[in-house]
Structures are given as C-alpha cells and as structure tokens.
Amino acid sequence: MNRYHFLLSLLFLTLIPDKAIAHGAYIEYEETAAVTIQAKYDDGKPMANAQVVIYAPQDPTVPWLKGNTDDEGSFTFVPDVEPQNSGNWDVKVRQAGHGTIVSIPLTNNKLTSANRQQLLSSTGAKAGYSPSQKLVMAAAVGWGFIGTALFFARSKSSHQ
C-alpha cells in the first residue's frame with residue numbers, strides 16, 4: 001500500500017508546478033554600434049556562461065567569433081559589416097545540451113525595425129507552452145505513472 005501512496009504523491013507533486021523545467025531557450029538582442037544578445041531559458045533564467053558561436057554572412061560554415069555569455073546571459077560583439085559581410089549574422093548559443101540559433105540581419109551595422117520585429121517573432125521570444133500542450137504533457141506523465149503502478153501491481157500478484 002505504501003508503494004501506491006508514494007506513486008500517488010509523486011504524481012501530485014509533478015502536476016503542481018506551473019512552469020516546466022527549462023529545456024527551451026531564446027535570445028533577445030538590442031541594436032547599437034555593437035550587437036548585444038541576451039540568452040535565456042524559457043522560464044526567464046539567464047543562460048550564464050553559455051557557449052556563443054557567431055557566423056558571418058560571407059562564410060556561414062566557419063565560426064567568425066567564439067565566446068561565452070556572462071553571468072546574466074549577455075554577450076556583446078561588434079560585427080565587421082563591410083559590403084561583403086552585409087546579411088544575416090547567425091548567433092548560436094548552447095549550454096548543457098540546450099540552446100538556440102538566431103539570424104540577425106545587418107547592413108552597415110544596422111537593423112531595420114521590420115527585420116527586428118520579424119526576428120523576435122521567428123525566434124519564439126517569450127514563447128511558452130499553450131494550455132493544450134500542458135494538458136497533453138500532464139496526461140502523458142499521468143499515463144506513465146498509471147502504467148508503472150499497474151506493472152508493479154501485476155508483478156507482485158503474479159509472484160504470489
């Protein structure tokens with residue numbers, strides 16, 4: 001009977017939190033002479049000391065710059081925007097298997113407001129789980145607990 005209390009308690013504990021454990025990530029940036037990115041997990045926690053790799057438009061397969069975010073998840077770089085480097089600068093941020101990539105359109109080191117708005121919507125900034133996604137996740141966890149409980153209940157009764 002204690003096993004069922006444990007499994008039932010575990011089920012309720014997993015359903016209580018409103019936010020899921022952070023697996024997704026997003027990057028925000030601001031427009032200045034330099035480009036400053038702000039890398040965060042979906043729950044808003046900064047991606048501190050995450051690996052940053054930047055690719056210039058002229059050669060998107062070779063890293064142009066590598067570095068790490070600071071404790072607040074920020075990283076600043078000054079792109080070399082000459083005519084051959086105008087275009088999309090890809091910024092990739094990764095930490096412990098989590099991360100994302102964003103393309104920042106730069107021409108003479110400037111972002112247009114239309115490009116900035118399109119970029120924010122395409123990177124999923126401030127994206128969360130919809131109520132239907134949360135319901136499906138909760139149902140999957142519940143089904144897993146029920147299956148586990150039935151498995152242990154079956155193996156106990158079949159051995160007696």
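Leaving aside its neighbours within four places in sequence, which residues is Pro46 in contact with? We'll get to that after a quick look at the whole model.

What you see is a predicted model, so local features need pLDDT of at least 70 and side-chain atom pairs count only at pLDDT 80 or more, while totals for chains, interfaces and linings use all residues. Residues are numbered from 1 along each chain as its sequence is written, and side-chain values use heavy atoms, with hydrogens and water left out.

Start with the overall layout. The protein chain has three helices and seven strands; these are DSSP runs numbered from the N terminus, with helices being H or I of at least four residues and strands being E of at least two. Walk along the sequence and you meet them in the order α-β-β-β-β-β-β-β-α-α. Of the 160 residues, 28% are buried, where buried means under 20% relative accessible area, exposed means over 50%, and partly exposed is in between (1.4 Å probe, protein chains only).

Now back to Pro46, which sits in the loop between β2 (35-41) and β3 (51-55). Not counting those close neighbours, Pro46 is in contact with Gln38, Ala39, Lys40, Tyr41, Asp71, Glu72 and Gly73; contact means heavy atoms within 4.5 Å. Pro46 is partly exposed, with a relative accessible area of 28%. Its C-alpha atom is 9.8 Å from that of Tyr26, and the two residues are 20 apart along the chain.

Next, slide along to strands β6 (residues 87-95) and β7 (residues 98-106). They run antiparallel and are joined by nine bridges; DSSP has to find at least two bridges between two strands for them to pair. Asn88 stands opposite Pro105 in β7. The two strands form a hairpin with two residues between them, and Ala96 in the turn has a positive phi of about 50°.

Strand β6 is also home to Asp90. Is Asp90 buried or exposed? Asp90 is buried, yet has no salt bridge, meaning a side-chain nitrogen of Lys or Arg within 4 Å of a carboxyl oxygen of Asp or Glu. The nearest side chain of opposite charge is Lys92, 10 Å away; for charge, Lys and Arg count as positive, Asp and Glu as negative, and His and the chain ends are not counted. Still, Asp90 has company: leaving out residues up to four places away in sequence, Asp90 touches Val53, Ile54, Tyr55, Ile101, Val102 and Ser103.
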